[in-house]
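Colleague: I would like a close look at a single part of this predicted model. Please take one strand, go through its partners, and then follow the packing outward from there.

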Amino acid sequence: MAASGVFDWFVPLLETVGPTRIETDRERGPSCVYTVETRSKEAAVCYLSTVLPWAVVLRWNADLTFGGFGSLAASDADVARLCAIMSAAGFNVVGEFECSQVSPYANLQGGNLTYFELVFDEETHWA
């Protein structure tokens, strides 16, 4: 489903926040991925799961360091707006707590996948 761009209809909604690029890679996992440039020139990477009605927004600082998980209460108004758009479309916007929990499913390296890897982005699991 991700490879077919099932959520590409969502791009115009994301573009109301800033320029948006489709980053979906069928080799990386079961989600559609979009990068939105915010007014602060940081990037917000939005993952829309095709497995569960979950979404997550990852913030990346201008220097390409990880800036944390987005939420409806984010201090960056653009990130909060992205979360609100996804929530209004019926996605449960999940954060660090849910994403960092370890699932019962093994990864190919001998450990277990986190729920972020399982639901959104794990190239070794889905390849």
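Modeller: Start with strand β4, residues 54-60. This strand is mostly covered, with five of its seven residues buried. Keep in mind throughout that the model is predicted.

Take its partners in turn. Strand β3, residues 43-49, runs antiparallel to β4, and six bridges join the two. Within that pairing, Y47 stands opposite V56 of β4. The connection is a hairpin, with four residues between β3 and β4.

Strand β5, residues 66-69, is also antiparallel to β4, and three bridges join them. Here W60 has F66 of β5 as its bridge partner. These two strands form a hairpin as well, with five residues between them. Look at L64 in that turn: its phi is positive, at about 70°.

Strand β6, residues 92-93, runs parallel to β4 and is joined to it by two bridges. A55 of β4 has V93 of β6 as its bridge partner. So much for the pairing. One general point helps with what follows: side chains in a regular strand alternate between the two faces of the sheet.

Now the packing. The largest nonpolar core has 21 residues, and L48, L82 and M86 touch the most other members. At least two residues of this core come from each of α1 (11-14), β2 (31-37), β3, β4 and α2 (77-88). Helix α2 gives the largest share, six residues. Look at L82 more closely. Beyond its neighbours within four places in sequence, L82 is in contact with L14, V17, V36, A44 and C46. Apart from this core lies another, of 11 residues. V33, V56, V94 and C99 are among its members. V56 is the residue that Y47 of β3 stands opposite. In general, nonpolar side chains of soluble globular proteins tend to be buried together.

C46, one of the contacts of L82, leads to the cysteines. A search of the whole structure finds zero disulfides. C46 is in none, and the nearest cysteine sulfur, that of C83, is 7.5 Å away. Why is there no bond between them? At 7.5 Å from its closest cysteine sulfur, the one in C46, the sulfur of C83 is too far for a bond. A disulfide would need the two sulfur atoms within 2.5 Å. Both cysteines are covered. C46 counts as buried because its relative accessibility is 0%. C83 counts as buried for its value of 0%.

Next, the aromatic rings. The structure holds nine aromatic pairs. F7 and F91 make one of them, edge-to-face, at 5.3 Å centre to centre and 80° between the planes. F7 lies in the segment before α1, while F91 is in the loop between α2 and β6, so their pair ties together parts that are 84 residues apart in sequence. Both rings belong to buried residues: F7 counts as buried at 13% relative accessibility, and F91 does at 9%. Another pair is F116 with F120. This one is tilted, with 5.6 Å centre to centre and 35° between the planes. F116 counts as buried at 16% relative accessibility, and F120 counts as buried at 1%. Back at F7 and F91, ring pairs link these two with W9 and F10 into a cluster.

Finally, two serines. S100 lies in helix α3, residues 96-100. With a relative accessible area of 41%, S100 is partly exposed. Its side chain reaches the backbone oxygen of F97 at 3.3 Å. S100 and L113 are 13 residues apart along the chain, and 9.3 Å separates their C-alpha atoms.

S103 has its place in strand β7, residues 102-106. This serine counts as buried, at 2% relative accessibility. Leaving out residues up to four places away in sequence, S103 touches N112, L113, T114, Y115 and L118.

To recap the strand you asked about: β4 is joined to β3 by six bridges, to β5 by three and to β6 by two. β4 supplies at least two residues of the 21-residue core. V56 of β4 is among the members of the other core, the one of 11 residues.

Terms used:
Residues are numbered from 1 along each chain as its sequence is written. Side-chain values use heavy atoms; hydrogens and water are left out. Buried means under 20% relative accessible area, exposed over 50%, partly exposed in between (1.4 Å probe, protein chains only). Two strands pair if DSSP finds at least two bridges between them. A nonpolar core is a set of buried Ala, Val, Leu, Ile, Met, Phe, Trp, Tyr and Cys residues joined through side-chain atoms within 4.5 Å. Contact means heavy atoms within 4.5 Å. A polar contact is a pair of N or O atoms within 3.5 Å; within protein, one must be able to donate a hydrogen and the other to accept it, and residues adjacent in sequence count only if both atoms are side-chain atoms. Rings of Phe, Tyr and Trp (its six-membered ring) pair if their centres lie within 6.5 Å; planes under 30 degrees apart count as stacked, over 60 as edge-to-face and the rest as tilted.
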